[in-house]
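Colleague: Please take a close look at one part of this model for me, the ligand site. Then connect that part to the rest of the chain.

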Amino acid sequence: MQFTAATSRKLHPLRHARTTLSQLGITYQCYDPMDVADLQAKLSGRTKLVWVEAPGSITMEFPDLRTLVATAKSASAIVALDNTWGAGIAFAPFEMGVDISVHALTKYPSGGADVLMGSIITNDDKLHDKFRVAYLDLGMGVGANDAELVLRGLASIKARYDLHDATARALASWLAGQDGISRVLHPALESCPGHEHWATHCSAAAGLFSVLIDESRTHAQVDAFCDRLQLFGIGLSWGGPMSLVMPYDMQSIRGGKQSYGGHLLRFSIGLESVEDLREDLAQALSEALAAA
Ligand SMILES: *Cc1c(COP(=O)(O)O)cnc(C)c1O
């Protein structure tokens, strides 16, 4: 299964900004989250909101979040964080000055990979009122059954998150030493850009990481590796009980920026036994990714 350029365009991270936001007259600029000076240079009196995410989806680089937030606040911008990875466990965004914390509750809070729900949390009463009115105006609401599933999941989120974390770290470290893997991108490992920021911001990590398969391997080999895995589904979402793998075409998503070379695969580690997952990865590596 190849994640093609056409699929990537449909899922392009800027699609929402280019379509819906621009129809509302909202303009945007992108900054490099690993370069605080770049954000500083792009802030102006017209900047209403700065969006941050830690770590970056797919390439997993962890920014200097505290400094990014402080820089945005010094320009009087509101700071909104996509906190899906941290899930309220790995770090405390409001203590860093974040105004709005956004979660895909679909992932760790639900834990079951069987509900679609999200939340916007703020510690600012005025923003809270604005959100309430916007929700009313837009007619948004959640179903009681969905809320029930997320409430049930929340009771076990800490235990699940810690297990996802421990298993993912063990597998990421093991994969780093395997033939055919040129790099592992997991914020708790030194090989990941921004590892030093993860270390000063976080007390835990989610079950998510990416690997780069050596460029000497073909697309067909990478596809064969994914197909040979027995315990990993192929899927975009994450945070559920079952492990997932997803190939990404970085060239078409990021236009060559942050392409570290090689083929990128992202893993979401579920709640299976670490030995079973390691064995499964080992058989797929030796069957599909052995050097020609
Ligand atoms: C999945 C994801 C979302 C959106 O989740 P939905 O379940 O599609 O609403 C937002 N942010 C990040 C970082 C994600 O991984």
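Modeller: The residues around the ligand are Glu-53, Ser-57, Asp-82, Thr-84, Ala-104, Thr-106, Lys-107, Leu-116 and Trp-238. Bear in mind that this is a predicted model. Three of these residues are worth taking one by one. Asp-82 places a polar side-chain atom 2.5 Å from a nitrogen atom of the ligand. Lys-107 has a polar side-chain atom 2.5 Å from a ligand oxygen atom. For Trp-238, a polar side-chain atom lies 3.2 Å from an oxygen atom of the ligand. On its own the ligand exposes 390 Å². The protein buries 61% of that area.

Now the wider frame. The domain assignment splits the chain into domain 1 (2-153) and domain 2 (157-289). Their C-alpha centres are 23 Å apart. The contact between them draws 36 residues from domain 1 and 44 residues from domain 2.

Next, the packing. In soluble globular proteins, nonpolar side chains tend to be buried together. Here the largest nonpolar core has 41 residues. Within this core, Val-50, Val-52, Trp-85, Phe-91 and Tyr-161 touch the most other members. At least two core residues come from each of β1 (49-53), α4 (65-74), β2 (78-82), α7 (157-176), β6 (208-213) and β8 (243-248). The largest share is that of α4, with four residues. Domain 1 and domain 2 each give this core at least three residues.

Tyr-161 deserves its own look. Setting aside neighbours within four places in sequence, Tyr-161 is in contact with Trp-85, Gly-86, Ala-87, Ile-89, Ala-90 and Tyr-108. Ala-204, Ala-205 and Ala-206 are also among its contacts. Another core lies apart from the largest one. That core has 26 residues, including Ile-181, Leu-189, Leu-277 and Leu-285.

One charged residue rounds off the tour. Arg-217 sits in the loop between β6 and α9 (219-228). Its relative accessible area is 8%, under the 20% cut-off, so Arg-217 counts as buried. Leaving out residues up to four places away in sequence, Arg-217 touches Asp-179, Gly-180 and His-263. Leu-289, Ala-290 and Ala-291 are also touched by Arg-217.

Conventions:
Residues are numbered from 1 along each chain as its sequence is written. This is a predicted model: local features need pLDDT of at least 70, side-chain atom pairs count only at pLDDT 80 or more; totals for chains, interfaces and linings use all residues. Side-chain values use heavy atoms; hydrogens and water are left out. A nonpolar core is a set of buried Ala, Val, Leu, Ile, Met, Phe, Trp, Tyr and Cys residues joined through side-chain atoms within 4.5 Å. Buried means under 20% relative accessible area, exposed over 50%, partly exposed in between (1.4 Å probe, protein chains only). Domain bounds come from an automatic or database domain assignment. Contact means heavy atoms within 4.5 Å. A residue is near a molecule or strand if one of its heavy atoms lies within 4 Å of it. A polar contact is a pair of N or O atoms within 3.5 Å; within protein, one must be able to donate a hydrogen and the other to accept it, and residues adjacent in sequence count only if both atoms are side-chain atoms. Accessible areas come from the Shrake-Rupley method with a 1.4 Å probe; for residues, only the protein chains shown count as cover.
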